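Me: I'm new to reading structures, so could you look at one with me? I'd like to ask how each label is earned.

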Amino acid sequence: MRELWNIFKKGIISENPILVLALSLCPALAVTTTVQNALTMGLSVTFVLACNNTVVSFTRKWVNPKVRVPIYITSIATIVTVVELLLQAYAPKLYSNLGIYLQLIVVFAIILARAEVFASKNKVLPSFADGFGMGIGFTLAMILIGTFREIVGNGTFFGYQVMGSWYHPALIVILPPGAFILIGYLVGLSKIINEKRENRMKLKGEVQ
Amino acid sequence: MSDHENNKNDSVFKIALNLAVACLISGCIIAATYYLTADTAIKAGISLRDETMKTMVDGSTDIKEIQSKADWYEVYKDSDLMGYIIPTDTKGYGGTMELLVAVDKDLKVMTYKIITSKETPGLGENAGKSAFVSQFIGKTLEHLVVTKDASDTEDIQAMSGATISSKAVTVGVKKAVEELKSYLEGGQ
């Protein structure tokens with residue numbers, strides 16, 4: 001149980017997909033102009049990532065290593081298509097809001113990377129925990145970026161006006177260059193946090 | 001997944017079979033899901049469209065398709081004709097945008113709704129928000145022009161940073177009104 005928790009936890013801070021592994025920067029730029037979009041995208045990715053890790057881990061004994069990547073992509077595409085069909089039928093409003101983002105999940109580096117690095121070598125339960133943790137880490141990073149961009153670049157949060165009418169939104173934050181600059185600072189910040197954490201761990205180890 | 005296992009499965013036939021089986025399974029899963037959800041999806045799509053059109057025009061009670069014009073609708077309040085809903089498309093910043101335009105019977109714009117678009121979020125995408133849409137209400141054909149002059153209150157004020165999207169929407173709405181005008185003149 002403790003091991004599962006550790007696997008889950010590492011995706012959130014010490015191996016955060018966006019801020020530390022620098023995977024899937026494309027959606028981090030494209031979909032984070034509002035918090036709503038960032039959150040929806042994050043949750044969709046979490047779902048697909050957890051499902052795909054489970055499937056890949058479950059089938060790892062039968063998949064020929066030479067064609068593993070095409071098979072992983074087939075698996076990801078299948079999951080995304082099934083989700084899409086279900087949403088279209090039972091939540092058409094959500095489906096039309098997600099629009100093109102949903103199909104884009106198929107090519108996200110983070111999903112393929114976790115299948116290759118973790119799920120293909122580990123048992124089903126840890127793989128699920130890994131996918132779920134990575135997904136949550138991805139979502140949190142997306143929300144962080146989205147919150148900053150929406151408040152500074154548009155003066156709103158979740159669509160509600162939070163800045164007064166005196167506030168002139170900074171256009172650059174909404175545009176992709178602004179997101180790049182912001183992500184750069186966040187990567188730096190997470191590096192500092194992780195270093196401090198490691199130092200603390202080392203100290204603890206020495207004391208014991 | 002060790003090396004000697006690799007050697008065992010080296011033949012092209014085995015590799016191809018492996019991939020083929022994976023694709024076959026995923027094909028079956030997708031086909032089954034589609035089979036189970038297709039009917040519901042079509043129904044959901046139609047009811048979503050009807051709902052969208054009903055919410056576009058305040059006080060509307062009934063929406064009827066016009067027989068001679070595909071996808072054109074007449075909007076009724078009880079038995080009075082209020083106006084028309086006309087589908088149109090226009091070329092925006094990120095590609096084609098599809099709009100539904102509601103026009104009353106005096107050829108004044110009532111409102112419009114963007115159905116699909118790929119405009120920049122936070123900029124051009126705001127063309128679907130009420131701050132911009134409200135400018136169109138009551139506009140007649142000659143005032144469906146984009147201006148950047150803030151003192152010009154007759155025409156449509158462009159959204160800052162999204163002139164192309166502003167123009168695209170205006171062109172689309174204008175096209176719909178023109179089409180309706182020629183339809184009404186031709187029909188009566």
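Me: What makes one part of chain B the lowest in confidence, and which part is the highest?
Reply: This is a predicted model, and pLDDT is the predictor's confidence in each residue, from 0 to 100. In chain B, helix α1 (residues 3-8) has the lowest mean, 51, whereas strand β4 (residues 96-104) has the highest, at 89. Chain B as a whole has a mean pLDDT of 83, with 93% of its residues at 70 or more. For the complex, the predictor gives an ipTM of 0.71 and a pTM of 0.74.

Me: How do you know that helix α8 of chain A is close to its expected span?
Reply: Set one number against the other: α8(A) (residues 124-154) has 31 residues and reaches 43 Å from its first C-alpha to its last, while 45 Å is expected at 1.5 Å a residue. Just after this helix, Gly155(A) has a positive phi of about 75°.

Me: Why is α8(A) called mostly covered?
Reply: A residue counts as buried if 20 or more other C-beta atoms lie within 10 Å of its own. In α8(A), 22 of the 31 residues are buried, so the helix is mostly covered.

Me: Which residues touch the most other members of the largest nonpolar core?
Reply: Those are Val48(A), Ala141(A) and Ile145(A), in a core of 46 residues. The elements of chain A that give two or more residues to this core are α3, α4, α5, α7, α8 and α10. Apart from this core lies another, of 32 residues, including Met97(B) and Val169(B).

Me: What does Ala141(A) touch, leaving out residues up to four places away in sequence?
Reply: Ala141(A) touches Asn16(A), Ile18(A), Leu19(A) and Ala28(A).

Me: Why is Ala22(A) called partly exposed?
Reply: Exposed takes 12 or fewer C-beta neighbours, and buried takes 20 or more. Ala22(A) has 13 within 10 Å, so it falls in between and is partly exposed. Ala22(A) is in the loop between α1 and α2 of chain A, and has a positive phi of about 55° although it isn't a glycine.

Me: And what makes Leu107(B) partly exposed?
Reply: Leu107(B) has 16 C-beta neighbours inside 10 Å, so it also lands between those two cut-offs. Leu107(B) is in the loop between β4 and β5 of chain B. Its phi is positive too, near 65°. Most residues other than glycine have a negative phi.

Methods. Residues numbered from 1 in each chain as written. Chains lettered and ligands numbered in written order. Predicted model: local features only at pLDDT ≥ 70, side-chain atom pairs only at ≥ 80, totals over all residues. Helix = DSSP H or I, 4+ residues; strand = E, 2+ residues; numbered from the N terminus. Expected span 1.5 Å × (residues − 1). Core = buried A, V, L, I, M, F, W, Y, C linked by C-beta atoms within 7 Å. Contact = placed C-beta atoms within 7 Å.
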